[in-house]
Amino acid sequence: MKIKLIIFDFDGTLADTRQLIVETMQQTIQALGLPTCTDEQCTSMIGLPLKQAFTELIPMSDEMGDRCVDTYRQIFNENNASYVIPTFPHVIDTLFRLSAEGYILTIASSRSRKSLLDFVHTMHLEEIFPYILGADDVIHAKPHPEPVLRTLEAFDCSSEEALVVGDMKYDIEMGRRAGTRTCGVTYGNGSPQELREAGADFVVNDFEKILTLI
């Protein structure tokens, strides 16, 4: 069945936010006196809801998980003021081409809705994405299928008519659990092996190659 709807992850798929996220995570950990974590360890958590990222990264109480979230957001707002977040090569041109060809383009992210909308606004992509879900818009964030299932319902699409695109295994798992086809991008935060092991139907090293899949 022909693809009508494409659901994109944001961090590591559309925008190169790795440095901003990892530095903010490490500064949060330091501020709260928690055990030091490497860049690689922090990167492996990108894509999970913020509290879950910290609690899986470091054994801690539920209360400390909440403190991590609050501290992270405070530091993130300070850091983000001085960062210019780039998109990955060919992302903008490809998005506009897909939109012009009639595909419905949406975002499902583990980032908060406000932060996500701020980035989309800064990148002048509001007209491209008629539907955006952040972690606080759903009860169950990725890798749970809820973000995909809600998006399918919003546009009255079947799972066979949708493609989920992301850079982490959590994106692929989310799409597979919802019954959609999935595409992993290798230039983000996850490895090609992780994407394939998660069951990605397609794995590409350039965003533009999505055009050849649909």
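Nine helices and six strands: the chain has 9 helices and 6 strands. Keep in mind that this is a predicted model.

Overall size next. For 214 residues, a compact globule would have a radius of gyration near 17 Å. The chain has 17 Å, so it agrees with that expectation. Along the principal axes, the C-alpha trace spans about 50 × 30 × 30 Å.

Now the sheet. How are the 6 strands ordered? The order reads β3-β2-β1-β4-β5-β6, in an open sheet with parallel pairing. The edges belong to β3, residues 131–133, and β6, residues 202–204. Each of these has a single partner strand, so one side of each is left without a neighbour in the sheet. From one strand to the next, the twist averages 20°.

Let me zoom in on the β3 edge. Its partner is β2, residues 104–108, and 3 bridges join the two strands, which run parallel. One pair to look at on screen: Thr106 has Tyr131 of β3 as its bridge partner. A helix also packs on the sheet here, namely α7, residues 146–154. Which strands does α7 touch? It touches β1 (5–8), β2, β3 and β4 (162–166). The direction of α7 makes about 160° with that of β3.

Two backbone details sit in loops around β3. Between β3 and α7 there is a loop that holds Pro143. Lys142 and Pro143 are joined by a cis peptide bond, with omega at about 15°. The other detail is His124, in the loop between α6 (113–122) and β3. Phi of His124 is near 60°. That is a positive value in a residue other than glycine.

On to helix packing. Two packed helices are described by the angle between their axes and the distance between the axes. I have two pairs, and α4, residues 62–80, takes part in both.

Pair one is α3 with α4. Helix α3 covers residues 50–57. The axes come within 9 Å and cross at roughly 120°. That angle makes α3 oblique to α4. The crossing is right-handed. Who meets whom? From α3 we have Leu50, Lys51, Phe54 and Thr55. From α4 we have Asp62, Gly65, Asp66, Cys68, Val69, Tyr72 and Arg73. By class, this contact has 5 nonpolar, 2 polar and 4 charged residues.

Pair two is α1 with α4. Helix α1 covers residues 18–31. Its axis and that of α4 come within 9 Å, crossing at roughly 130°. So α1 is oblique to α4. This crossing is right-handed. On the α1 side, the contact uses Leu20, Ile21, Thr24, Met25, Gln27, Thr28 and Ala31. On the α4 side, they meet Cys68, Thr71, Tyr72, Ile75, Phe76, Asn79 and Asn80. How many charged residues does the contact of α1 with α4 have? None: the classes are 8 nonpolar, 6 polar and no charged residues.

Put the two lists side by side. Cys68 and Tyr72 of α4 meet residues of α3, and Cys68 and Tyr72 also meet residues of α1.

To recap: an open parallel sheet of 6 strands, α7 packed on it, and α4 crossed by α3 and by α1.

Technical notes: Residues numbered from 1 in each chain as written. Predicted model: local features only at pLDDT ≥ 70, side-chain atom pairs only at ≥ 80, totals over all residues. Heavy atoms only, no water. Pairing = 2+ DSSP bridges. Helix = DSSP H or I, 4+ residues; strand = E, 2+ residues; numbered from the N terminus. Axes fitted to C-alpha atoms, helices over the stretch in contact; angles between N-to-C directions. Contact = heavy atoms within 4.5 Å. Parallel < 35°, antiparallel > 145°, perpendicular 65-115°, else oblique. Left-handed = near helix turned anticlockwise from the far one by under 90°. Nonpolar A, V, L, I, M, F, W, Y, C, P; charged D, E, K, R; others polar. Rg over C-alpha atoms; globule rule 2.2 N^0.38 Å.
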